[in-house]
Amino acid sequence: MYQDIKLARPDLAIDPVHDNRHKLPDVEFARESIPYIVTLPEEGIKAFIYTWVNKDSEAGAALAIFGPGVGDEPIQQRLADRKVPEDMDFSNWQIDNFSMRQDLKFQHADLRWETDTALLEFSFDAIHPPYAYGAHKDGCPQYVATNRIEQSGRVKGRFVIDGREIPFDSHGHRDHSWGVRKWGAFQYYNWFQGQSSDGKIAINYWKYLVAGRENLRGYVCKDGLLAEITKLDTDVTFTDDLLQEKLVSIIQDEAGRETVVNANFFAHYNLVPSDELHLMEGGASATFDGKPGRGQLEVGWPPEYVDFVKKQGPF
């Protein structure tokens, strides 16, 4: 249960007020965003719902459902930015055929998105308190956000794809960032999230390279304790086209624990939030200290580098 999870430090706690919209600074690139992620290796399906709003209260959203269980082409839809009411908050967020209802307590949410060919609807119930990047001793980098939370949860709902219903009762993830995002600051990054099938282990880390310096944020939640990651050794195997194949991560946290993650990827999708950085999403079956589960690795690449490798590689 969410309430049974202890924090390694009191300052890892964050006020639930941050589960709602924020007043954004009146500067370039000020934005707020929330993605929800569902990964079903047993069905060969991965999906995400991603919504955002900027300082001028212009909001949009994107849906992608992909993987061998969907077919060769992803099901995708993007709702273009448009003005939304300043007082529309995340307890009742509605853009066309997409809705998101968060309880504003970092505990529960309901989501629904219907297209001409697919339906995705599910509930999210958090399995641990949110981890805030701002709790790190060096804070949350200001080119990333004012702050950002990560949280895993139980996801229960259904897909309907071309009339075929696929119910699920699994575990997934969400994050929420607010402030300024400068995609061009990143040279490269690995963002991973995953959960064991029993929900007793949940992990998120973000290892990113900026101005030649490697940075790390993230947490491990297991044995009833959420603790910040202190060291990460990770190895990712890529295809010739820079698609994720395998991952091995050895993680140490502030509680003195070691956690080992192995992942094999089954689905990929290229998300383009900016001309400066493209995000390759990879859905995986995974193990956490040998326990089966699921995960996702998002790799941030400058598009020029991907083009170079495709033309000149592999290396």
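Select Glu165 to begin: Glu165 is partly exposed, with a relative accessible area of 49%. Buried here means under 20% relative accessible area, exposed over 50%, and partly exposed in between, using a 1.4 Å probe and protein chains only. The model is predicted, so local features need pLDDT of at least 70 and side-chain atom pairs count only at pLDDT 80 or more, while totals for chains, interfaces and linings use all residues. Residues are numbered from 1 along each chain as its sequence is written, and side-chain values use heavy atoms, with hydrogens and water left out.

Now add Arg158, whose side chain meets that of Glu165 in a salt bridge at 3.7 Å, N to O. A salt bridge is a side-chain nitrogen of Lys or Arg within 4 Å of a carboxyl oxygen of Asp or Glu. Arg158 is partly exposed at 26% relative accessibility. Extend the selection to Arg112, Glu114 and Glu121: together with Arg158 and Glu165 they are linked in a network of salt bridges. The whole structure has 17 salt bridges.

Next, select Arg148 and Asp175. Their side chains form a salt bridge of 3.2 Å, N to O. Arg148 is in strand 11 (residues 147–161) and Asp175 in strand 12 (residues 164–180), and the pair links distant parts of the chain, 27 residues apart. Strands (E, at least two residues) and helices (H or I, at least four) are DSSP runs, numbered from the N terminus. Arg148 is buried, with a relative accessible area of 5%, and Asp175 is buried with a relative accessible area of 5%.

From Asp175, step to Ser33 in strand 2 (residues 30–40). What does Ser33 touch, leaving aside its neighbours within four places in sequence? Ser33 is in contact with Tyr50, Thr51, Trp52, Asp175, His176 and Ser177, where contact means heavy atoms within 4.5 Å. Ser33 counts as buried, at 4% relative accessibility.

For another salt bridge, select Arg257 and Asp253, whose closest N and O atoms are 2.9 Å apart. Are these two residues buried or exposed? Both Arg257 and Asp253 are buried.

Turn to the aromatic rings. Rings of Phe, Tyr and Trp (its six-membered ring) pair if their centres lie within 6.5 Å; planes under 30 degrees apart count as stacked, over 60 as edge-to-face and the rest as tilted. By this rule there are 24 aromatic pairs. One of them is Phe98 with Trp113, a tilted pair at 5.0 Å centre to centre and 35° between the planes. Phe98 lies in strand 7 (residues 98–102) and Trp113 in strand 8 (residues 108–114), so the pair ties together parts that are 15 residues apart in sequence. Phe98 is buried at 0% relative accessibility, and Trp113 is buried at 0%.

Then pick Tyr131 and Tyr133: the ring centres are 5.8 Å apart and the planes at 55°, so this pair is tilted. Tyr131 is buried at 1% relative accessibility and Tyr133 at 0%. Both belong to one aromatic cluster with Tyr143, Trp183, Phe186, Tyr189, Trp206, Tyr208 and Tyr219. At Trp183, add Arg181, which lies over the ring face at 4.7 Å from the ring centre; a charge sits over a ring if NZ of Lys or CZ of Arg is within 6 Å of the ring centre and within 35 degrees of the ring normal.

Finish at Phe308, in helix 1 (residues 303–312). Phe308 is partly exposed, with a relative accessible area of 43%.
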